[in-house]
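Okay, thanks everyone, let's get going. I'll put the structure up and then walk through a few spots in it.

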Amino acid sequence: NSCGDATSSSCGHVCRNQRNRRMKHSQPSNLLTRTNLSVAVFMLAGIGLVAPACADQLAFDLLFPGKIVGQLDLDVLSGTGRYDVRAQLRSNPPFGATAPLSYDAATSGRITDRGPVPDRFSAVANSGRRQSDSAVDFTASLPRTTRDLPALPPAPGDVNPDLIGGATDPLTALYIILRDQPISGVCSLKAYLFDGRRLSQVVLFQPQIADGEVACRGEYRRLKGFSPAEMAERQRFDFSVTYRAAGPGLVRLAEARGETLYGPARLKRR
C-alpha cells in the first residue's frame, strides 16, 4: 500500500503528482560545479527511491431497512511500507438498540508480503449494548493488551494471548476489505481478530464475477472472550461484499450486506 503500489487509483495519482513536483523543483542549475552536480545526482536518485505518503478518505453510509442511520469514515495514510488508519462510525440507534452506535478506532503497522500487519490498535466503542475502551500492542510476536475497560474479573473463557500469534486487529481487517485493491487478491481474506479481550475470525471466500462486478461471501464468527450470554445469543454472522472496477486491475468496494444483532444492514460507498 505504499505510494507506487496500485492499491488506490486516486492515491496513486496524487503520489505521482507529488513525485513529479519534487523532481521538477530539484533540477540542477548550470551554475553547479561538477562536484556539486555529482552530489545532486545522488540526491535525486535518493528522492526517487523514497515514496511520499499518500492520504485517502473512504466514506460509507450505514443503512438498516428503509433508511440511512449513520456513516463510517476511514482516514488512511500509507507510504514507505507503513499504513495508518483512523475510523469513525456514527449512527442513530437502530431498531432494538438503546443508544446510538459509535466506534472510534486507530491502527498503524507495516505493509509486508502477507499484507498489512498491525503494530498498535486502539478503539472506543459503543455497540448499543456494550461500551468498551481497549488498546493492543502487536509489536512483539504475540499481542499484548495495554488497556481494557471496563475492567472485568478473570473468567474461564478469557483469551490467552500466548496462543494467538499472528492475529490482527478488527480495524486492519476492515481496512483490508474496504480499500481499493488488485482484483487478483480480492476475496482471499482469512484472519483471526483480537481487540484486547475478544477473539473472532473473519473469512472472505467464493468470488463470483458477473456484469463487471466481483461478489464475495463472508463470515464473521465469535470464538473466545465473549460473555456466555453473547455466545448463546449468536456466534456466526454471514455477510457479502461487492466490488466494482476502479482502474486497470483494481476493484473498489461498492457495498457490503450482512446480518447484525439488529437485523440486516448495508454499508454503501459514498
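Let me begin with a single residue, L77, which you'll find in strand β2, residues 67-79. Keep in mind throughout that this is a predicted model. So, is L77 buried, exposed or partly exposed? Its relative accessible area is 43%, so L77 is partly exposed, given that buried means under 20% and exposed means over 50%. Who does L77 touch, once you set aside its neighbours within four places in sequence? On one side of it in numbering there are A53, C54 and A55, and then R82, Y83 and D84. Also, take L77 and Q57: they're 20 residues apart along the chain, and their C-alpha atoms are separated by 8.9 Å.

Okay, zooming out. The chain has 270 residues, and 43% of them are buried. For secondary structure we've got four helices and 14 strands. If you take contacts between residues at least 6 apart in sequence, 48% of those join residues at least 24 apart. And the accessible surface comes to about 14900 Å², with carbon and sulfur atoms accounting for 56% of that.

Now, Y83 came up a moment ago as a contact of L77, and it's worth going back to. A search of the whole structure turns up two aromatic pairs. What kind of pair do Y83 and Y175 make? Their ring centres are 5.8 Å apart and their planes sit at 15 degrees, so this one is stacked; the cut-off for stacked is under 30 degrees. This pair links distant parts of the chain, with Y83 in strand β3, residues 82-91, and Y175 in helix α3, 92 residues apart. Both Y83 and Y175 are buried.

The other pair is Y220 with F237, and that one is tilted, at 6.0 Å centre to centre with 50 degrees between the planes. Again it links distant parts of the chain: Y220 is in strand β11, residues 213-224, F237 is in strand β12, residues 236-247, and they're 17 residues apart. How do the two partners come out on burial? F237 has a relative accessible area of 8%, so F237 is buried. Y220 is at 26%, so Y220 counts as partly exposed.

Y220 also takes us to the pockets. The largest pocket has a volume of about 1700 Å³. It's lined by 47 residues, and the ones closest to its centre are L89, Y103, L174, Y220 and T260. By type, that lining splits into 27 nonpolar, nine polar and eleven charged.

Then there's the second largest pocket, with about 620 Å³ of space. Here 33 residues do the lining, and R114, G115, P116, V117 and I176 lie nearest the centre. Which element gives the largest share of that lining? That would be β5, with four residues. Elements that each supply at least two residues include β4 (101-112), α3 (170-178) and β9 (190-194). The split here is 18 nonpolar, nine polar and six charged.

Moving along to T146, in strand β7, residues 144-149. At 56% relative accessible area, T146 is exposed. Beyond four places in sequence, T146 is in contact with A135, V136 and D137. And if you look across to G196, 50 residues apart from T146 along the chain, the C-alpha atoms are separated by 7.8 Å.

Last topic, the backbone. Just as a reminder, most residues other than glycine have a negative phi, and most peptide bonds are trans. Where's the cis bond I want to show you? It runs from L149 to P150, with omega near 0 degrees, and P150 is in the loop between β7 and α3.

Then two residues with positive phi. C187 isn't a glycine, and its phi is near 65 degrees. C187 is in the loop between β8 and β9, and at 7% relative accessibility it counts as buried. D211 isn't a glycine either, and it has a positive phi of about 55 degrees. D211 is in the loop between β10 (199-210) and β11. Buried or exposed? At 82% relative accessibility, D211 counts as exposed.

That's what I had, so over to you.

Conventions: Residues numbered from 1 in each chain as written. Predicted model: local features only at pLDDT ≥ 70, side-chain atom pairs only at ≥ 80, totals over all residues. Heavy atoms only, no water. Buried < 20%, exposed > 50% of the residue type's maximum accessible area, 1.4 Å probe, protein only. Contact = heavy atoms within 4.5 Å. Areas by Shrake-Rupley, 256 points an atom, 1.4 Å probe, with all protein chains shown as cover. 1 Å grid on protein atoms, 1.4 Å probe; cavity = no way out; pocket = protein on both sides within 12 Å on 5 of 7 lines; lining within 4 Å. Points joined across faces, edges and corners; volume = space filled by probe spheres on them. Nonpolar A, V, L, I, M, F, W, Y, C, P; charged D, E, K, R; others polar. Phe/Tyr/Trp six-rings, centres within 6.5 Å; stacked < 30°, edge-to-face > 60°.
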